[in-house]
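Biologist: I have this model open on my screen and would like a close look at one part of it. Could you walk me through a single spot and then show me how the rest of the chain fits around that spot?

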Amino acid sequence: MDSAHHFNSFLRDDQTASQQLPYTILKQADISQRQLHEITEVCSILCVSRATAIILLRHCNWNTSKLFDKWFEEEDEVRKRLGLFKKTKTSPLVQTSSSDVCSFTCEICFETFVGGDRGISSNFCGHFYCGGCWGGYVSKSINNDGLGCLSLKCPHPSCGAAVGEDMIFLLADIDSDKGKFSRYLVRSYIEESYRKTKIKWCPAPGCDNAVDFVGGNKTNCDVSCLCSYIFCWNCSEEAHSPVKCETVAKWMSKNKDESENMNWILVNTKPCPQCKRPIEKNQGCNHMRCRAPCRFDFCWICLGEWSRSHLCNSYLEGVKSNASEKRKEMAKMSLGRYVHHYERWIANHDSKQKALQDFRLVQDVHLKKLDKKYRQTNPILSFVTEAWQEIIQCRRVLQWSYAYGFYIPENEDGKRRFFEYLQGEAECGLEKFHQCAEVELEEHVNADRSIEDFIKFRARVVQLTVVVRNYFKSLVRAMENDLSEIRSYGDYWSCDLCTYVNDSSATMCVTCSSESPLPAEF
């Protein structure tokens, strides 16, 4: 897939997206309906109860074909393995004390029950316990074992009889436990499915939707859930295309640990006064020598240059505090490159989140006001929606471009400088575009502006949308190719009209067909 096509698909509008999406979003009702269909099919074909069908399906990872093959080949072995023992006359679900059963002793609490008290056993064995002990046993499993409560067995130490859904609902003391069990059952359908490489939960906090990947290439596929969260199918992180998942994993791990690393460095190390690298003192002598190629000799206590006559025992006003401040400043400088990229990464993340909030306001309030004020129909006002969608997607690309830039090898100066040129052009254009869509739109919504001014505003937004898209096409193309085509600045030229970065061999701009100028000095 070429970069232009990839970026256009990444910034595609909703109408084309619905025709191209290789995945389906499943709500809770959709998941439950699919699950019920498979349970009903198993009940009908194998002539078993719903509880038994659930146990069988979980054993085969919700694969009905695999289940049917196993069942018809070795039914007895499957029953034995799963604790689905065949019922006998001596193993009813509930046994009531009667004339021939004068009393009943629970094997857990050892209480003896007489008269109308009942002992309860699993469907598949003859071990009886009182309702209170059963209820506590079931409740503890539901609240502590997670999906393990779906594999509950008889409490008897030597018994492997299964405890099915019917028993759970009979014995659970409170409705909340029944609700938890039902939610675990739905989770099992997604998390234990034989199709788990093609179906997964949306990772957004509080979202109960699942994504079913129905076809196509899963590499670099960004999924847009109904909850508005967009994530990478491969790694489930926030959408980061075109930055690779491996780079994102390293970056997120670094972000997670860096604050702790920073504190450790400040407490346990001091930076070399010459090359600024953090140094840990591992011997008793205060004479420190930095490693090659620096090899600077200095005093661990005052950070001054070391000499045979070096002394720092005399107190001088301000020296200690200055040395401490110097140490902190130098430690900060040693991590300056990371801080530079992280601050811009998080700033663009925050700008993207703010843009998402503003976009909802535009859709819910501003477009209605503009329609009423200027009597413009929705098709004419669609440029506002398209602009905000472009801003949000470009913010996402720009955010992750800083993670990408952090891992460009420092010795590849040409690649780094060219990437920073593309990144800077894209960021500068996006800032102008974002300000126009944010500030100027607000003026047209709330201030008394003429229809002529609005038409000029529309033309400006449309133009900026095109220009910024071209900036980001160039940036995305470079990141997709890992800057492999970058040789030197003279090998490319930037179109003055549309800003697209073309190869030096191109005599016309690939995007707008403008003639090539002399190679630019970047």
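Modeller: Happy to! One term before we start: two residues are in contact when heavy atoms of theirs lie within 4.5 Å. Please keep in mind that this is a predicted model.

Let's begin with Asn63, which sits in the loop between helix H4 (50-59) and helix H5 (64-73). Is Asn63 buried or exposed? Its relative accessible area is 16%, and the cut-off for buried is under 20%, so Asn63 counts as buried. Leaving aside neighbours within four places in sequence, Asn63 is in contact with Leu57 and Tyr194. The side chain of Asn63 also has a polar atom 3.2 Å from the backbone nitrogen of Lys66.

Now step back into helix H4, where you will find Thr52. Thr52 is buried too, with a relative accessible area of 5%. A polar contact of 3.0 Å joins the side chain of Thr52 to the side chain of Ser49. Beyond its neighbours within four places in sequence, Thr52 is in contact with Leu84 and Phe124.

How does this fit into the whole chain? The protein chain has 15 helices and 16 strands. Of its 522 residues, 43% are buried, and Asn63 and Thr52 are both buried residues. If you take the contacts with a separation of 6 or more, 59% are between residues 24 or more positions apart. The accessible surface of the chain comes to about 28,200 Å², with 50% of that area belonging to carbon and sulfur atoms.

Next, some places where the backbone deserves your attention. As a rule, most residues other than glycine have a negative phi, and most peptide bonds are trans. Against that background, look at the loop between strand E10 (230-232) and helix H10 (245-268), which holds Pro242. The peptide bond from Ser241 to Pro242 is cis, with omega near 10°. Ser236 also lies in the loop between E10 and H10. Although Ser236 is not a glycine, it has a positive phi of about 65°. With a relative accessible area of 26%, Ser236 is partly exposed.

A positive phi turns up again at Asp482, where the value is about 55° although Asp482 is not a glycine. Asp482 is in the loop between helix H15 (451-480) and strand E15 (492-494). Asp482 is partly exposed, and its relative accessible area is 32%.

Another cis peptide bond runs from Ala292 to Pro293, with omega near 5°. You can find Pro293 in the loop between E13 and strand E14 (297-299).

Strand E13 brings us to the second largest pocket, which contains about 290 Å³ of space. Strand E12 (278-280) and strand E13 (287-289) are the elements that give two or more residues to the lining of this pocket. In total 13 residues line the second largest pocket, and Ile279, Glu280, Met288, Arg289 and Arg291 lie nearest its centre. Sorted by class, the lining has five nonpolar, three polar and five charged residues.

To return to your starting point, select Asn63 in its loop between H4 and H5, then bring up its contacts Leu57 and Tyr194. From there, Thr52 in H4 is a good second stop, with Ser49 as the partner of its side-chain polar contact.

Note on methods
Residues numbered from 1 in each chain as written. Predicted model: local features only at pLDDT ≥ 70, side-chain atom pairs only at ≥ 80, totals over all residues. Heavy atoms only, no water. Helix = DSSP H or I, 4+ residues; strand = E, 2+ residues; numbered from the N terminus. Buried < 20%, exposed > 50% of the residue type's maximum accessible area, 1.4 Å probe, protein only. Polar contact = N/O pair within 3.5 Å; in protein donor to acceptor, adjacent residues only side chain to side chain. Areas by Shrake-Rupley, 256 points an atom, 1.4 Å probe, with all protein chains shown as cover. 1 Å grid on protein atoms, 1.4 Å probe; cavity = no way out; pocket = protein on both sides within 12 Å on 5 of 7 lines; lining within 4 Å. Points joined across faces, edges and corners; volume = space filled by probe spheres on them. Nonpolar A, V, L, I, M, F, W, Y, C, P; charged D, E, K, R; others polar.
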